Amino acid sequence: MLTGQIRNQIDQIWNAFHSGGVSNPLSVIEQLTFLIFIKRLDDLQLAMETRAETLGEPITNPIFPAGTDEEGEPYSNLRWSRFKNFESREMMRVVDEHVFPFLRSLGEKGSSYGQHMKDARLGFSSASLLAKAVAMLDKLEMGNRDTKGDVYEYMLGKLASAGTNGQFRTPRHIIQLMVALRRPTPADTICDPAAGTCGFLMEAGEYLRHHEPQMLRNAEQRDHFLNHMFHGFDFDATMLRIGSMNMLLHGLDNAEVSYRDSLSERHGKDEDLYSLILANPPFKGSLDETTVAKNLLQFSKTKKTELLFLTLFLRLLKVGGRAAVIVPEGVLFGSSAAHKKIRKTLVESHKLEGIIKLPSGVFRPYAGVSCGIILFTKTGVGGTDNVWFYDMQADGFSLDDKRTPLLDPEQLGPTPAHPLGDTGHEKNNLPDILTRWNALTAEADRPRTAQSFLVPKEDIAAKDYDLSMSRYKMIEQEEINYPTPTELLAELNELDASITAEMAALKEMLG
């Protein structure tokens, strides 16, 4: 949990960039990522030096070697602990002309530290801004994994206002809900084919640390968790850097976060490989058919990215693999042959388990589109019996562009620290979703007028595999009894007689 002081420090760093002319949130977080990475390199070298001094052994494979770089600058000057004390113009010279080329060289050498730094560039020309940012970051307390991760997550939260080119961050509480619904295990191999900032992979790691702490004491499970469990793909170099740093600061240094255009490349080596997919891919509408991987088009000739991604998920999952993915609502009721085919495939050939309808304001301020979460398991032989529908009406935040919290921080998210109270459910449905999902047998008794209910596969097939909740939910209307025409006429006659009598009495009185 971040303190108010740390939040204020981050806000001051952010404001410094804005004041210095770097106003695009994506550019700010990219430059901060570079600086955090540079600082981390020095921290790692300091740890090596401490260990070597303690053991009386030389350092093997130091990050910063002895001597000078090709331009004659001492490598020692490239270290954060050294250049942070330089005068601002000298700091600018060293960082721009030597530190960033050094980062790019790490990437070219294939170093695990610099794999996403091959085209790293300092994105501003103000020496005073660099000096201010370095001084502020140096004071920022990032001592342990939890604090480092929370600091970076708080920075990423500011990306909400970016929303450019389809690159926006899924709200953290929605990610936490999806992870909790799918319950990752130490044996899982997890993939997000549109990883972005790697929020789904990071939250899956945090879930496992919390719910399966014993895995870190088992050598085999620990090795799998740290080196083989997490796989994220994206085709944007900036997002790859940000996502990789997010994983690194959450203690997952060796997660596979790599370049890939998931819809364009063939997936032979990855087919049937993953046991869990968590994703909110960007939906851009239609793609040029010539740019789509042929093995995706073999299933359904469509240009719609939302349908291509669902097809991709089914290919990447191994038999028995689970998925929780966000799709635009059109996927649930679209009438094209491709829409119907993918829905029928999920229902008849695999096990479709749940549909959660999200309120349209969840992705504001950058998108107001209505979406849903699809929960399914790949079987290849069917298995759908009843599909669970839930109508999420509140996620704990206002559904306008401000997205203001409606409850205390301890009452937000799918597993709040404090009870919601009598009226809390009206503002945060997430805990209720998780509770009902974990007790699905009880859902069979709920009527279709309730917020959630089960629908048999036969009913879905009868409605041409339409998965929109409105096709199955019944609206309970209060019965109103109106008087019959005869009763209305009698009442009118009675009123008329009363008025006539009153007028006659008044006439007589006026005389």
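Here are some numbered notes on the chain, going from the overall picture to single residues.

1. First, a caveat: this is a predicted model. The chain has 511 residues, and 50% of them count as buried. Its secondary structure comes to 18 helices and 9 strands. If you want a box for it, the C-alpha trace spans about 120 × 70 × 45 Å along its principal axes.

2. The largest pocket is probably where you'll look next, and it holds about 1800 Å³ of space. Its lining runs to 46 residues, with Arg 172, His 173, Gln 176, Glu 203 and Leu 412 lying nearest the centre. Helix H6 (145-157), H7 and H8 are the elements that give two or more residues to that lining. By residue class, the lining of the largest pocket splits into 21 nonpolar, 10 polar and 15 charged.

3. Now the enclosed space. The structure holds 2 cavities of 30 Å³ or more, and the largest cavity comes to about 40 Å³. The residues around the largest cavity are Glu 153, Arg 169, Thr 170, Arg 172, Ile 175, Thr 197, Gly 199, Met 202 and Glu 203. Two elements give two or more residues to this lining, namely helix H7 (172-182) and helix H8 (199-211). H8 gives the most, with 3 residues. By class, the lining of the largest cavity has 2 nonpolar, 3 polar and 4 charged residues. Note the overlap: Arg 172 and Glu 203 appear in the cavity lining and also among the residues nearest the centre of the largest pocket.

4. H8 deserves a point of its own. Its 13 residues should span 18 Å at 1.5 Å a residue, and the end C-alpha atoms are 18 Å apart, so the two agree. The helix is mostly covered, with 10 of its 13 residues buried. Those buried residues are Gly 199, Phe 200, Leu 201, Met 202, Glu 203, Ala 204, Gly 205, Tyr 207, Leu 208 and Arg 209. Gly 199, Met 202 and Glu 203 also turn up in the lining of the largest cavity.

5. H12 is mostly covered too: 11 of its 12 residues are buried. The buried set is Thr 305, Glu 306, Leu 307, Leu 308, Phe 309, Leu 310, Thr 311, Leu 312, Phe 313, Leu 314 and Leu 316. From first C-alpha to last, H12 reaches 16 Å, close to the 16 Å expected at 1.5 Å a residue.

6. On to the rings: the count of aromatic pairs is 11. Take Phe 34 and Phe 100, whose ring centres are 5.3 Å apart with planes at 85°, so this pair is edge-to-face; the cut-off for that label is over 60 degrees. Phe 34 sits in helix H2 (residues 25-55) and Phe 100 in helix H4 (residues 88-108), so the contact ties together parts that are 66 residues apart in sequence. Phe 34 and Phe 100 are both buried.

7. Phe 309 and Phe 313 make a tilted pair, at 6.0 Å centre to centre and 35° between the planes. They are 4 residues apart in helix H12 (residues 305-316), which means about one helical turn separates them. An α-helix has 3.6 residues a turn, so residues three or four places apart point the same way. Phe 309 and Phe 313 are both buried.

8. Two more ring contacts are worth a look. Phe 64, Tyr 75 and Phe 102 form one aromatic cluster. Elsewhere, the charged end of Arg 260 sits over the ring of Phe 233, at 3.9 Å from the ring centre.

9. Finally, some backbone angles to check by eye. Asp 272 is not a glycine, yet it has a positive phi of about 60°. It is found in the loop between strand E3 (256-259) and strand E4 (274-279). At 44% relative accessibility, Asp 272 counts as partly exposed, because that value falls between the 20% and 50% cut-offs.

10. Tyr 465 also has a positive phi of about 60° without being a glycine. This residue lies in the loop between helix H17 (457-462) and helix H18 (485-510). Is Tyr 465 buried or exposed? Its relative accessibility is 11%, so Tyr 465 counts as buried, the limit being under 20%.

Terms used
Residues numbered from 1 in each chain as written. Predicted model: local features only at pLDDT ≥ 70, side-chain atom pairs only at ≥ 80, totals over all residues. Heavy atoms only, no water. 1 Å grid on protein atoms, 1.4 Å probe; cavity = no way out; pocket = protein on both sides within 12 Å on 5 of 7 lines; lining within 4 Å. Points joined across faces, edges and corners; volume = space filled by probe spheres on them. Nonpolar A, V, L, I, M, F, W, Y, C, P; charged D, E, K, R; others polar. Phe/Tyr/Trp six-rings, centres within 6.5 Å; stacked < 30°, edge-to-face > 60°. Buried < 20%, exposed > 50% of the residue type's maximum accessible area, 1.4 Å probe, protein only. Lys NZ or Arg CZ within 6 Å of the ring centre and 35° of its normal. Expected span 1.5 Å × (residues − 1).
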